[in-house]
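Colleague: Before the terms used for this model are accepted, I should like to hear the grounds for each of them. Please set each value against its criterion.

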Amino acid sequence: MSEVADGRILVTGALGQIGTDLVERLREIHGSEMVVASDIREIPDHPCVLNGPFLILDVLSDKILKLVPEENIQTIYHLAAILSANGEVNPELCESINVDGTRNILEAARIHGSRVFIPSSIAVFGPDAPKHAPQITALNPTTKYGMTKVDCEIMGMMYWINHGVDVRGIRYPGIISWKSQVSGGTTDYAVDIFHAALSEGKSYDCFLKADTKLPMMYMEDAIKATISLMDEPLESMSLARCGYNVSGLSFCAEELFSEIKKHIPDFICEYKPDVRQNYADSWPDSIDDSVARKDWNWQPSFELEELVEDMIKNLS
Ligand SMILES: NC(=O)c1ccc[n+]([C@@H]2O[C@H](COP(=O)([O-])OP(=O)(O)OC[C@H]3O[C@@H](n4cnc5c(N)ncnc54)[C@H](O)[C@@H]3O)[C@@H](O)[C@H]2O)c1
């Protein structure tokens with residue numbers, strides 16, 4: 001199925017970590033003019049702005065209702081959100097952008113018949129979920145961010161069941177990438193640590209404990225998962241459609257540090273946990289993604305050794 005057979009693609013929050021890579025890949029596949037990047041802010045020299053159509057769009061505004069027909073948008077990748085660490089500092093803003101912003105996008109999709117991708121997160125799981133998190137389990141997150149992600153999964157299902165809007169989503173683990181800086185997430189350490197290792201000082205203060213294990217994924221795998229999910233025929237989707245578990249890797253900070261040290265032997269890492277430790281402790285260590293593997297043949301490609309090698313090569 002070609003997702004742009006009848007129209008163009010809109011990406012919200014396109015200047016963020018995932019949008020930077022997703023827009024580039026979608027433009028390679030469909031052509032630059034077919035992919036409209038948007039964000040609440042503009043960065044003039046950002047590749048999403050330079051290499052194709054770009055619009056300022058606040059997902060809380062009703063501009064989206066006009067923009068979808070005007071730009072002939074058939075598919076929306078709705079990435080605009082406030083992430084975990086920032087969300088706990090400003091829970092009202094997190095609720096507003098993550099939940100109200102998503103409702104706005106879903107309304108536009110309902111009115112104009114668009115398809116929607118809405119990322120969920122491993123933050124939907126709370127401390128009562130098994131540490132190897134299955135697709136179906138209690139979703140009792142203790143972070144505001146996690147609660148907004150559960151709300152969005154439920155809202156997506158309601159728009160599918162009640163209005164037939166083709167909504168799909170993935171519970172992303174922590175995403176590791178080199179093209180953009182990260183900020184505001186609990187898994188950011190796994191990106192920051194590379195920048196520190198390659199800096200002059202060659203030292204990093206990690207805000208999580210050495211043995212904190214979390215589900216992670218290399219950006220290439222995240223983009224592959226996102227595009228494969230959206231390319232699948234409707235019939236392949238099961239009840240997990242708005243929040244498929246996908247697994248990439250699972251490692252603790254110490255394991256990542258040891259792997260980086262193989263390339264940069266004089267790199268030093270100290271562990272100084274802050275409030276983000278509490279969020280990480282409430283999440284699973286690893287993810288059971290058997291439903292995604294069965295429904296749409298999901299298969300990750302990157303192991304830790306390859307990921308570290310690729311990050312160092314690209315950031316050097
Ligand atoms: N990066 C990860 O590790 C990760 C993990 C799990 C889930 N996710 C989810 O994936 C999605 C994208 O994450 P990301 O890492 O790219 O986030 P990011 O913080 O890097 O980017 C979010 C973008 O949204 C924009 N934005 C904020 N408020 C907006 C508004 N009102 N209107 C329009 N744009 C607005 C920001 O300017 C930013 O460019 C989010 O839904 C996030 O919850 C990300």
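Colleague: What makes S10, S12 and S14 an open sheet, and how is the pairing described?

Modeller: In this predicted model, the three strands are ordered S10-S12-S14, with mixed pairing. Strand S10 (174-176) and strand S14 (249-252) are at the edges with a single partner strand each, so one side of each lacks a neighbour in the sheet. From one strand to the next, the twist averages 45°.

Colleague: How do you know that S10 and S12 pair, and in which sense?

Modeller: Pairing requires at least two bridges; S10 and strand S12 (residues 213-218) have three, in the parallel sense. One residue pair joined by a bridge is Gly174 and Met216, the latter in S12. Helix H8 (residues 219-231) lies across S10 and S12, at about 70° to S12.

Colleague: Why are H5 and H6 called roughly parallel?

Modeller: The axes of helix H5 (residues 91-112) and helix H6 (residues 144-163) cross at roughly 15° and come within 10 Å. Angles under 35 degrees count as roughly parallel, and the two helices are therefore described in that way. Their crossing is right-handed.

Colleague: Which residues make the contact of H5 with H6, and how do they divide by character?

Modeller: H5 contributes residues including Pro91, Cys94, Glu95 and Arg110, while among those from H6 are Lys144, Tyr145, Met155 and His163. The residues of this contact comprise eight nonpolar, four polar and five charged.

Key. Residues numbered from 1 in each chain as written. Predicted model: local features only at pLDDT ≥ 70, side-chain atom pairs only at ≥ 80, totals over all residues. Axes fitted to C-alpha atoms, helices over the stretch in contact; angles between N-to-C directions. Helix = DSSP H or I, 4+ residues; strand = E, 2+ residues; numbered from the N terminus. Parallel < 35°, antiparallel > 145°, perpendicular 65-115°, else oblique. Left-handed = near helix turned anticlockwise from the far one by under 90°. Contact = placed C-beta atoms within 7 Å. Nonpolar A, V, L, I, M, F, W, Y, C, P; charged D, E, K, R; others polar.
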